[in-house]
Amino acid sequence: MSSHIRFAIYYLPPEGALAQFGAQWLGWDCLTGESALQPDLPKIADATEAPRKYGFHATLKPPFRLAAGATTDALQSALAQLTASQSPVVLEGLTLDRLGNFLALRPVGDTTALNALAGECVTALDGFRTPPEPAELARRRKSGLSPRQDELLRDWGYPYVLEEFRFHMTLTGNLDDGDLTRFQGEIARRLPALPRPYIIDNIALVGQRPDGMFQLIQRYALTG
């Protein structure tokens with residue numbers, strides 16, 4: 001029996017300067033499953049509270065509960081098979097950007113191959129997902145979904161997948177304009193140099209622990 005409440009497929013930056021920055025900024029290192037010491041900045045704990053438990057990542061397949069009869073071993077085997085058929089994705093780069101009322105690293109340039117990889121993670125592994133409870137559907141719908149987003153929610157358990165997917169590595173929760181500007185400056189000062197091109201050559205299976213925090217289970221190289 002798995003000790004994880006939910007699973008997800010993430011892109012996690014490799015161990016190094018960017019991963020370390022993200023862990024310290026959010027206060028949680030999902031590679032090690034341990035808290036990290038945040039910078040000494042006013043309101044940073046509040047600004048990063050929403051994304052903290054997920055760790056510094058980009059979601060490819062949103063968190064899901066395992067379907068009845070499905071096992072973690074079978075999920076890992078299916079993910080290994082999927083990644084063996086997928087090529088690394090080459091992006092022009094990553095850039096710090098505002099996405100609505102929060103801050104995130106976003107891809108620069110063409111994202112066709114990246115979107116296709118995320119779509120494959122969503123669809124190919126869907127048999128492992130338990131459909132969301134009515135309460136979760138109702139909560140999602142409160143945010144005001146388009147008809148297509150509602151359809152995606154019903155079909156795939158999340159409204160922002162397939163053509164609604166936007167790759168992003170979240171750095172804050174929703175902020176007001178003043179805090180957005182201030183934290184954007186703070187992040188820009190602290191961000192390590194981002195490689196150009198930026199190559200995504202592996203993806204990760206992560207699990208949500210009983211305490212709510214997400215932690216790396218295993219990385220999978222894209223070897224197709």
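**Briefing: sheet, packed helices, hairpin and cavity**

Strand E10 (residues 202–208) pairs with strand E11 in the antiparallel sense, and the pairing comprises 7 bridges. The model described here is predicted. One of the pairs across these two strands joins Ile-203 to its bridge partner in E11, Tyr-220. The points below cover the sheet that holds these strands, the helices on it, residue Gln-208, helix H1 with the cavity, and strand E7 with its partners.

**The open sheet**

- E10 and E11 belong to an open sheet of 4 strands, in which the order is E4-E1-E10-E11 and the pairing is antiparallel.
- The edges are occupied by strand E4 (58–64) and strand E11 (214–221); each has a single partner strand, so one side of each lacks a neighbour in the sheet.
- From one strand to the next, the twist averages 20 degrees.

**Helices on the sheet**

- Helix H4 (residues 72–84) packs on this sheet and touches strand E1 (6–11), E4, E10 and E11.
- The direction of H4 makes about 40 degrees with that of E11.
- Helix H5 (residues 112–124) lies across E1, E4 and E10, and H5 runs at about 10 degrees to E4.

**Gln-208 in strand E10**

- Gln-208 is placed in strand E10.
- Buried status requires under 20% relative accessible area; Gln-208 has 6% relative accessibility and therefore counts as buried.
- A polar atom of the Gln-208 side chain lies 3.0 Å from the backbone oxygen of Gly-212.
- Leaving aside residues up to four places away in sequence, Gln-208 touches Ser-3, His-4, Ile-5, Arg-6, Lys-53, Met-213 and Phe-214.

**Helix H1 and the cavity**

- Helix H1 (residues 17–26) is mostly covered, with 7 of its 10 residues buried.
- The buried residues of H1 are Leu-18, Ala-19, Phe-21, Gly-22, Ala-23, Trp-25 and Leu-26.
- An α-helix has 3.6 residues a turn, so residues three or four places apart point the same way.
- Gly-27 follows H1 and has a positive phi, near 90 degrees.
- The structure holds 1 cavity of 30 Å³ or more, and the volume of the largest cavity is about 60 Å³.
- The largest cavity is lined by Leu-12, Pro-13, Ala-19, Gly-22, Ala-23, Trp-28, Asp-29, Cys-30, Leu-31 and Phe-56.
- H1 and strand E2 (28–29) each supply at least two residues of this lining; H1 gives the most, with 3 residues.
- Ala-19, Gly-22 and Ala-23 are among the buried residues of H1 and also appear in the lining of the largest cavity.

**Strand E7 and its partners**

- In strand E7 (residues 102–108), 7 of the 7 residues are buried, so the strand is largely enclosed by the rest of the structure.
- Strand E6 (residues 93–99) is joined to E7 by 7 bridges, and the two run antiparallel.
- E6 and E7 form a hairpin with 2 residues between them; in the turn, Gly-100 has a positive phi of about 65 degrees.
- E7 also pairs with strand E8 (residues 169–170) in the antiparallel sense, over 2 bridges.
- Leu-105 of E7 is the bridge partner of Leu-96, and Leu-105 has Met-169 as its bridge partner in E8.

Notes: Residues numbered from 1 in each chain as written. Predicted model: local features only at pLDDT ≥ 70, side-chain atom pairs only at ≥ 80, totals over all residues. Heavy atoms only, no water. Pairing = 2+ DSSP bridges. Axes fitted to C-alpha atoms, helices over the stretch in contact; angles between N-to-C directions. Contact = heavy atoms within 4.5 Å. Buried < 20%, exposed > 50% of the residue type's maximum accessible area, 1.4 Å probe, protein only. Polar contact = N/O pair within 3.5 Å; in protein donor to acceptor, adjacent residues only side chain to side chain. 1 Å grid on protein atoms, 1.4 Å probe; cavity = no way out; pocket = protein on both sides within 12 Å on 5 of 7 lines; lining within 4 Å. Points joined across faces, edges and corners; volume = space filled by probe spheres on them.
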